[in-house]
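Work through the exercises below with the sequence and the three-dimensional structure at hand. Each task sentence is followed by a solution that goes step by step.

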Amino acid sequence: MFSLNEEVHIDVDITASFEMHGYIVELINETSGEVVWSAGAHDHATSFHIHDHWVNNVTDHSDMKLKVTVELDHDGNISTKEVHYHCHPM
């Protein structure tokens with residue numbers, strides 16, 4: 001849970017034993033359906049590191065989801081992981 005104006009640290013490490021073809025990381029307010037933060041790249045690498053911050057500015061109690069999608073190859077194969085939490089407006 002995060003309170004209003006609390007900083008949410010976004011720290012994602014993606015690794016594989018093969019060369020991946022990119023990623024997108026999205027912070028989604030599941031209550032409103034809004035993507036409140038995102039980062040992505042079409043890079044070819046065996047690892048990616050994403051480090052950023054988002055300040056909780058929701059106006060209603062909100063269920064949130066951090067969704068990481070990795071493009072494994074150019075054939076459209078992907079892998080997705082999610083983390084769920086809650087944000088308070090007060």
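## The hairpin and its sheet

E5 and E6 form a hairpin with six residues between them, and in the turn Gly76 has a positive phi of about 90°. The model is a predicted one, in which local features need pLDDT of at least 70 and side-chain atom pairs count only at pLDDT 80 or more, whereas totals for chains, interfaces and linings use all residues. Residues are numbered from 1 along each chain as its sequence is written, and side-chain values use heavy atoms, with hydrogens and water left out.

**Exercise 1.** Describe how E5 and E6 are joined, and then place the two strands in their sheet.

*Solution.* Begin with the pair itself: E5 and E6 run antiparallel and are joined by 10 bridges. Strands here are DSSP runs of at least two residues (helices, H or I, need at least four), numbered from the N terminus, and two strands pair if DSSP finds at least two bridges between them. Next, take individual positions across the pair: Glu71 stands opposite Ile78 in E6, and Val68 stands opposite Lys81 in E6. Then widen the view to the open sheet, in which four strands follow the order E3-E2-E5-E6 with antiparallel pairing. Strand E3 (34–41) and strand E6 (78–87) stand at the edges, and because each has a single partner strand, one side of each is left without a neighbour in the sheet. From one strand to the next the twist averages 10°, where axes are lines fitted to C-alpha atoms (for helices over the stretch in contact) and angles run from 0 to 180 degrees between N-to-C directions.

## The chain as a whole

**Exercise 2.** State which elements the chain contains, and describe its extent, surface and contacts.

*Solution.* Start from the secondary structure, which comes to zero helices and six strands, so that the order from the N terminus on reads β-β-β-β-β-β. The C-alpha trace spans about 45 × 20 × 15 Å along its principal axes. The accessible surface comes to about 5400 Å², of which 48% belongs to carbon and sulfur atoms; such areas come from the Shrake-Rupley method with a 1.4 Å probe, and for residues only the protein chains shown count as cover. Of the 90 residues, 32% count as buried, a term that means under 20% relative accessible area, with exposed over 50% and partly exposed in between (1.4 Å probe, protein chains only). Finally, among contacts (heavy atoms within 4.5 Å) with a separation of 6 or more, 66% are between residues 24 or more positions apart.

## Charged side chains

**Exercise 3.** Which residues are linked in a network of salt bridges?

*Solution.* A salt bridge is a side-chain nitrogen of Lys or Arg within 4 Å of a carboxyl oxygen of Asp or Glu, and by this rule the count comes to two. In one of them Glu30 pairs with Lys65, the closest N and O atoms being 3.8 Å apart. Glu30 lies in the loop between strand E2 (23–29) and E3 and Lys65 in strand E5, so the pair ties together parts that are 35 residues apart in sequence. Glu82 also forms a salt bridge with Lys65, here with the closest N and O atoms 3.7 Å apart, and this pair links strand E6 with strand E5 across 17 residues. Glu30, Lys65 and Glu82 are thus linked in a network. As to burial, Lys65 is buried at a relative accessible area of 15%, while Glu30 is partly exposed at 36% and Glu82 is partly exposed at 38%.

## A loop residue

**Exercise 4.** Is Asn56 buried or exposed, and what does its side chain reach?

*Solution.* First locate Asn56, which lies in the loop between strand E4 (45–55) and strand E5 (62–71). At 0% relative accessibility, Asn56 counts as buried. Its side chain reaches the backbone oxygen of His88 at 3.0 Å, and a polar atom of the Asn56 side chain lies 3.2 Å from the backbone nitrogen of Val58. Leaving aside residues up to four places away in sequence, Asn56 touches Phe2, Ser3, Leu4, Asn5, Glu6, Cys87 and His88.

Terms used. Polar contact = N/O pair within 3.5 Å; in protein donor to acceptor, adjacent residues only side chain to side chain.
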